[in-house]
Amino acid sequence: MRPSDLSTLPDGVPEALEAEGIEEFYPPQADAVEKGVADGASVVASVPTASGKTLIAELAMLSAVQRGGKALYIVPLRALASEKKTEFERWEEFGIDVGVSTGNYQSDGEWLASRDIIVATSEKVDSLVRNGAPWVNDLTCVVADEVHLVDDSGRGPTLEVTLAKLRRINRDLQVVALSATVGNADEVADWLDAELVESDWRPIDLKMGVHYGNAINFDDGSQREVPVGKGQKQTAALVADALDEEIDGQRGSSLVFVNSRRNAEGAAKRLADVTADRLDPDERAALEELAQDIRDVSDTDTSDDLADCVRKGAAFHHAGLASEHRSLVEDAFRDRLVKCICATPTLAAGVNTPARRVVVRDWKRYDGEFGGMQPLDTLEVHQMMGRAGRPGLDPYGEAVLLARDRDTMDELFERYVWAEPEDVRSKLAAEPALRTHVLATVASGFATTREGLLEFLDRTLYASQTGDDARLAEVTDRVLEYLVVNDFLEREDGTLTATGIGHTVSRLYLDPMSAAEIVDGLREGIDSGGADAVTANRRSRPAEDGEVADDAAEIPEDAADAGFVTGSDLVADGDTDDTDGDADGADGSASADSDDPTITPLGLYHLVARTPDMYQLYLKSGDRETYEEQFYAREDEFLGHAPSEFEDVAWEDWLAALKTARLLEDWASELDEDVITERYGVGPGDIRGKVDTAEWLLGAAEQLANELDLDVVLDVREAKKRVEYGVGEELLDLAGVRGVGRKRARRLFEAGIETRAELREADKSVVLGALRGREKTAENVLQAVGRQDPSMDGVEKDATASAAAT
Ligand code: ADP
């Protein structure tokens with residue numbers, strides 16, 4: 001069967017597919033078409049990596065649009081959203097409009113309504129449903145990519161509940177769920193009332209094996225000699241061996257999976273020496289050019305490190321890279337210019353980067369929940385291994401695990417080579433998941449009684465999988481109790497309604513427990529500070545509906561994306577100096593309330609760092625003493641009741657939150673990024689992740705304080721702005737100017753320009769000096785503060801200012 005056999009696609013699409021090289025459907029694709037995927041049937045496709053799942057989704061979406069409908073493609077990671085959008089944009093020439101939902105909620109509501117295909121993460125879709133985005137009602141086809149992630153306790157429940165809601169909104173909704181090969185795809189299909197397409201078929205043969213001693217031992221019983229030289233690492237020997245083997249004039253590239261960003265960078269640096277020895281002059285020249293392109297993307301250490309590797313033919317890849325970096329690396333790898341990529345597991349789930357040889361170097365990673373190093377799931381390792389083999393280029397793919405002793409080799413064969421992938425199990429019936437989803441379900445009107453709620457939950461995978469209504473009912477009752485006691489829900493004559501605060505919490509996308517912790521902490525801070533507790537607040541105008549909704553869309557997906565990479569893996573490098581400040585920045589109110597002795601930024605940072613929505617820094621050895629000391633030194637500043645030192649777990653948590661809060665405080669005191677990375681043992685992306693999460697949570701705290709008339713709104717706002725801009729109080733006004741940022745604000749301040757008003761009137765030569773002679777920047781900055789004539793033509797740099805700036 002071929003694309004032109006389908007009559008459901010928009011005109012021109014079948015020809016375009018065939019021009020792309022899709023002449024025949026792969027067997028799982030043909031199976032999906034036979035089961036009606038192009039005619040509106042729901043389908044679960046559980047097939048190996050790289051065997052053409054995306055095309056199954058595209059056939060469904062394009063046919064749905066052709067029938068006058070609208071499609072949504074749900075991705076698991078924000079990093080994938082823009083990649084998928086770019087991929088689907090090739091259909092624009094056939095009249096299909098594509099949009100990605102990342103911006104704020106209101107604009108999504110307006111312009112996404114006109115798109116035919118929308119790409120978004122499950123958290124974003126959940127948020128849009130909670131905020132009542134009107135176009136959600138028009139969806140006729142929904143694709144859930146990597147649906148096996150419903151098994152993930154952090155993010156799975158959101159996907160599960162979101163799919164249940166979308167199916168409730170449109171009972172005829174076509175659902176296409178794409179899954180890695182899992183043990184129980186039939187249960188997923190039952191849940192979604194979908195046809196099942198299940199297959200082990202691959203476009204190219206895959207040999208799996210373990211390298212031990214001087215050879216790879218493959219699953220088919222064959223061996224391949226790959227001797228490891230003295231002082232050489234196994235990975236280096238394997239990468240060299242693949243490159244040294246020419247098949248049909250093609251040398252073999254390698255993809256090396258490691259367990260952290262840091263390891264990806266370290267391994268790439270070492271392997272660059274292996275690839276560097278094996279480049280011809282043309283390749284060297286092309287790689288130099290590519291390295292320059294990489295440096296041009298941004299002026300950061302990461303950019304330099306990546307360029308240094310790339311000029312030698314290797315690269316690292318993780319979700320903490322800028323997206324331009326990622327695509328440059330991916331394209332060059334596909335073009336066979338870059339010979340080796342060292343990647344975190346995100347790449348396995350993401351883009352299409354096949355290599356002749358995949359080396360799974362790390363099969364354990366640090367697990368925050370269970371502690372210590374834990375082995376990866378079979379399913380995940382299979383996904384990495386599935387990246388082996390470039391169709392049309394290699395005769396087969398090879399996926400290799402590493403063992404240093406025979407026992408480990410046997411274990412790896414048992415665990416990964418021979419093993420079937422795990423079943424996916426719903427993680428919904430857990431209190432943290434249900435707490436947030438029960439509130440949102442009631443607040444957005446999907447249920448108004450306990451029975452209605454249980455009936456709604458009955459449409460989830462959990463219910464269909466376990467058939468155990470009792471457990472779900474039991475957890476639901478506990479959660480309802482919690483939500484009522486904390487005033488998020490009201491229960492009267494069996495009817496459930498969300499309170500004003502409950503609505504706010506749901507729209508803000510907060511875990512209700514975070515909201516409760518924040519509210520208690522703020523109240524306690526007011527009481528103990530003797531400030532006029534719970535007085536009329538000072539907000540100048542009531543919050544309008546749209547304001548809440550607007551903020552709701554600012555959830556940093558860092559928290560949500562923290563699944564199998566650290567949250568900060570998803571945030572671009574923290575080169576904050578040049579990021580645009582928010583033009584509506586500080587409004588001069590910053591210091592108005594700061595004479596209240598008890599509410600300090602540290603106290604607020606600690607408060608939000610204690611909530612379940614913040615991933616805290618871990619305490620390393622020696623940290624306990626350090627932070628205990630700091631705790632006693634600043635005891636007055638903490639909001640809420642500290643546990644006793646004898647409550648071991650709670651006390652550790654409190655100190656870990658303090659470490660996180662201290663990082664935020666250092667950031668908001670203008671400490672240099674490298675000092676912070678050194679002091680806390682984190683990367684720049686981690687700072688960014690913590691800062692984004694704190695900003696979101698403090699924004700939420702501000703709204704809660706406002707709504708509850710707590711007299712702390714201004715303190716919270718100031719703490720939020722300081723962390724947002726990473727500056728001291730006196731720079732808040734300046735740092736909010738578009739194009740200024742923390743370092744430039746400090747330099748302007750030191751040159752005697754302390755406020756926006758002063759900047760508007762300042763001597764141009766002083767401004768130019770403080771901005772290190774960058775004319776364009778100076779002009780933009782002056783324009784941003786409304787200077788009539790911002791031109792720098794003929795302006796001399798002021799000598800004293802530039803001296804102060806250096
Ligand atoms: P998956 O989503 O299953 O990991 P992809 O959808 O990324 O796999 O497909 C892998 C590659 O196979 C893509 O480059 C895609 O263009 C190509 N491909 C998909 N279907 C076909 C086909 N029927 N014929 C040739 N190439 C195909």
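Residues 24 or more positions apart account for 72% of the contacts in this protein that have a separation of 6 or more, a contact being heavy atoms within 4.5 Å. The model is a predicted one, in which local features need pLDDT of at least 70 and side-chain atom pairs count only at pLDDT 80 or more, while totals for chains, interfaces and linings use all residues. Residues are numbered from 1 along each chain as its sequence is written, and side-chain values use heavy atoms, with hydrogens and water left out.

**The whole chain**

Begin with the full protein in cartoon view, where the secondary structure comes to 36 helices and 21 strands; these are DSSP runs numbered from the N terminus, helices being H or I with at least four residues and strands E with at least two. Of its 806 residues, 59% count as buried, where buried means under 20% relative accessible area, exposed means over 50%, and partly exposed lies in between (1.4 Å probe, protein chains only). Switching to a surface view shows the side that the protein exposes, about 32,000 Å², of which carbon and sulfur atoms supply 44%; accessible areas come from the Shrake-Rupley method with a 1.4 Å probe, and for residues only the protein chains shown count as cover.

**Into the cores**

Select Leu166, Leu192, Leu510 and Leu522 next, the residues with the most contacts inside the largest nonpolar core, which has 111 residues. Helix 29 (residues 684–707) gives the largest share of this core, 10 residues. Such a core is a set of buried Ala, Val, Leu, Ile, Met, Phe, Trp, Tyr and Cys residues joined through side-chain atoms within 4.5 Å. In soluble globular proteins, nonpolar side chains tend to be buried together.

Which residues does Leu166 touch, not counting those up to four places away in sequence? They are Leu72, Ile74, Val125, Val129, Val136, Leu139, Val142 and Leu173. Apart from the largest core lies another, of 63 residues, among them Phe257, Leu306, Ala307 and Ala314.

**A loop with a buried serine**

Move to Ser199, in the loop between strand 7 (195–198) and strand 8 (206–212), which counts as buried at 17% relative accessibility. A polar atom of the Ser199 side chain lies 2.9 Å from the backbone nitrogen of Trp201. Leaving aside neighbours within four places in sequence, Ser199 is in contact with Pro28, Ser46, Val47, Pro48 and Thr181.

**Two residues with positive phi**

Most residues other than glycine have a negative phi. Ala50, although not a glycine, has a positive phi of about 65 degrees; find it in the loop between strand 1 (43–46) and helix 3 (53–66), where Ala50 counts as partly exposed at 36% relative accessibility. Asp493 is also not a glycine and has a positive phi of about 45 degrees, and its place is the loop between strand 20 (489–492) and strand 21 (495–498). Is Asp493 buried or exposed? At 78% relative accessibility, Asp493 counts as exposed.

**Charged pairs**

Side chains of opposite charge can pair when their charged atoms come close. The structure holds 55 salt bridges, each a side-chain nitrogen of Lys or Arg within 4 Å of a carboxyl oxygen of Asp or Glu.

Start with Arg90 and Glu20, whose side chains meet in a salt bridge (2.5 Å, N to O). Arg90 lies in the loop between helix 4 (78–88) and strand 3 (98–100) and Glu20 in the loop between helix 1 (13–19) and helix 2 (27–34), so the pair ties together parts that are 70 residues apart in sequence. Arg90 is partly exposed at 27% relative accessibility, and Glu20 is partly exposed at 41%.

Now select Arg224 and Asp241, whose side chains meet in a salt bridge of 2.9 Å, N to O. This pair links distant parts of the chain, with Arg224 in strand 10 (residues 223–225) and Asp241 in helix 9 (residues 234–244), 17 residues apart. Arg224 is buried, with a relative accessible area of 18%, and Asp241 counts as buried at 16%. Extend the selection to Glu245, Arg356, Arg357, Arg390, Asp394 and Glu398, which are linked with Arg224 and Asp241 in a network of salt bridges.

**Last stop, on the surface**

Finish with Tyr366, Met373 and Tyr618, which form a nonpolar patch with about 340 Å² of accessible area together. Patches are made of residues with over 30% relative accessible area and no salt bridge, like charges being joined within 9 Å and nonpolar side chains (Val, Leu, Ile, Met, Phe, Trp, Tyr) within 5 Å. Met373 sits in strand 18 (residues 373–375) and counts as partly exposed at 45% relative accessibility.

Definitions and conventions
A polar contact is a pair of N or O atoms within 3.5 Å; within protein, one must be able to donate a hydrogen and the other to accept it, and residues adjacent in sequence count only if both atoms are side-chain atoms.
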